[in-house]
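Ready for a short walk through this structure? Open your viewer, keep the selection tool at hand, and follow the stops below.

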Amino acid sequence: MKLPSLAVLAVFVIAPVFAQTQSVPIELSGHQELLIDKCGYDEQLAAQQLVQLGDHWGYGYDSLLVDLERWRQSPYVTIDSIGASVQNRALWQLNITSDTPEMEPRRTVFVHARTHPNEVQAWWVTDELISLLLSEEPFARFMRESCTFYIIPMYNPDGVELEFARQNANGIDIESNWDKNPVQPEVAVLRNRFGELMASDAPIETALNMHSAFACKRYFVYHDAVGTSPEFTVLEQDFIGFIRSYFEDGIEPWSYFVSWTSGTPTRYPESWFWLNHGEDVMALTYEDMNCTAAGQYDQTAFAVLHGVADYLGLVVTAVLDRPTAQIQGFSLRQNYPNPVRLSRTTSMSSVIQFRLEREQPIRLVLYDVLGRQVKVLDQGRRPAAEHRVYFDASNLATGTYFYQLQTAGGVVARQLTVTR
Ligand SMILES: [Zn+2]
């Protein structure tokens, strides 16, 4: 049982959703450990969800088969079965990438969803992630060229079809029994797949395990240094922080749900990654909202994808024009300070420097992550010299931006970050 700290349980108790749904209050007694897991699972609440949504919680195996046919039409996806469930349903895997790589080997991101059948919201986020990755957005193209995404949309199809809330066809929760014998077929399949990829020349660097929580909050299940390492918790905080920066009012901070506070558990997929590969893999459970207030799945997927890009250190210059192979006659430096902290901004808070080796017309433009122009920072005919352009960041939203220097000799872009 991956248990939250007492402080986190207190958050659960006062969370307004429990008042709205008139559920049984969660008491801080011993036996509740048996009822409440990291997804905040509570049998009575789950029963209400079942009544509300019914019909395989609104998305069954048949729905998946229809979507698989639709995704198959995309040139960016290949679909394979990586094995079978207890009742011999295929465990489908999407492989999303591009055949025109930005880099080799590409970075590997793994996502699996719907371990717990009644957490359908985790699937809707994953669905939006797939839609975004298959889109013609410049950012999606960049991510396809930089990464390979392996996505298991429905890891527990038997549970979905049997309308079990949590278990597979053997009545086992395949989220929290990775260390039990006999090994469940679904666990064996996914563990084997993880192992294959970890032994490849493009091992998994980010693994997201998609759930949704009855606390009616969006959060990541953060692993304490007691169960991991101080170094890993820094990476976790970065990772969660990057994703949050794109949906700050929607996703809770890393400190909202702290687990592994009394050691390393062995029962979870994240346990497998930690015990076998340590800090090499950012393997975390994401919890969406399992309640009627859930939504904004597209915003969440957008935040996840951009946060992963930031975590992997992918500089998204391809969102703009690709820098030319040989850039001559000018250079563009990293802005200072970077990140730009709004809490410390003065009106001329950041400076961008560029150098021209001959007089020429230039344009220096700030873009957001989708490549939309935010403002023109400088333009006109400029002499051969080192130039400094001061700009005011105080009215910018937090997030990632790009500034691009456009000259007769080509264009070059750099990334800048605005934080609080
Ligand atoms: Zn769950």
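Begin with the charged pairs: this predicted model holds 17 salt bridges.

**Stop 1: R166 and D37.** Select these two residues and show their side chains, which meet in a salt bridge with 2.8 Å from N to O. R166 sits in the loop between α8 (157–162) and α9 (185–198), while D37 belongs to the loop between α3 (32–35) and α4 (43–53). The contact thus spans distant parts of the chain, 129 residues apart. Are these partners buried or exposed? R166 has a relative accessibility of 2%, so it counts as buried, and D37 is buried too, with a relative accessible area of 15%.

**Stop 2: E386 and R333.** Now select this salt bridge, where the closest N and O atoms are 3.3 Å apart. E386 is in strand β14 (residues 386–391) and R333 is in the loop between β9 (330–332) and β10 (340–341), so the pair ties together parts that lie 53 residues apart in sequence. Colour by accessibility here: E386, at 37%, is partly exposed, and R333, at 41%, is partly exposed as well.

**Stop 3: D368 and R372.** In this salt bridge the closest N and O atoms are 2.7 Å apart. D368 is buried, with a relative accessible area of 14%.

Next, add E119 to your selection of D37 and R166: salt bridges with shared partners join D37, E119 and R166 into one network.

**Stop 4: the zinc ion.** Keep E119 displayed and select the zinc ion. Which atoms coordinate it? The donors are C39 (SG), H116 (ND1), two OE contacts from E119, and H211 (ND1), at 2.1 to 2.4 Å. Along the sequence, the donor residues follow the spacing C-x76-H-x2-E-x91-H. E119 lies in the loop between β3 (107–113) and α6 (120–133), and H211 in strand β5 (residues 204–213), 92 residues apart. E119 and H211 are both buried, and C39 is buried at a relative accessible area of 0%.

**Stop 5: the disulfide.** How many disulfides does a search of the whole structure find? There is one, and it joins C216 to C291 with an S to S distance of 1.9 Å. C216 is in the loop between β5 and β6 (219–223), and C291 is in the loop between β8 (282–289) and α12 (297–311), so the bond ties together parts 75 residues apart in sequence. Look along the S-S bond: its torsion is about 65°, so the disulfide is right-handed. Both C216 and C291 are buried.

Conventions
Residues are numbered from 1 along each chain as its sequence is written. This is a predicted model: local features need pLDDT of at least 70, side-chain atom pairs count only at pLDDT 80 or more; totals for chains, interfaces and linings use all residues. Side-chain values use heavy atoms; hydrogens and water are left out. Donors are N, O and S atoms within 2.8 Å of the metal (3.2 Å for Na, K and Ca); water is not among the atoms, so sites may look incomplete. Helices (H or I, at least four residues) and strands (E, at least two) are DSSP runs, numbered from the N terminus. Buried means under 20% relative accessible area, exposed over 50%, partly exposed in between (1.4 Å probe, protein chains only). A disulfide is a pair of cysteine sulfur atoms within 2.5 Å. A salt bridge is a side-chain nitrogen of Lys or Arg within 4 Å of a carboxyl oxygen of Asp or Glu.
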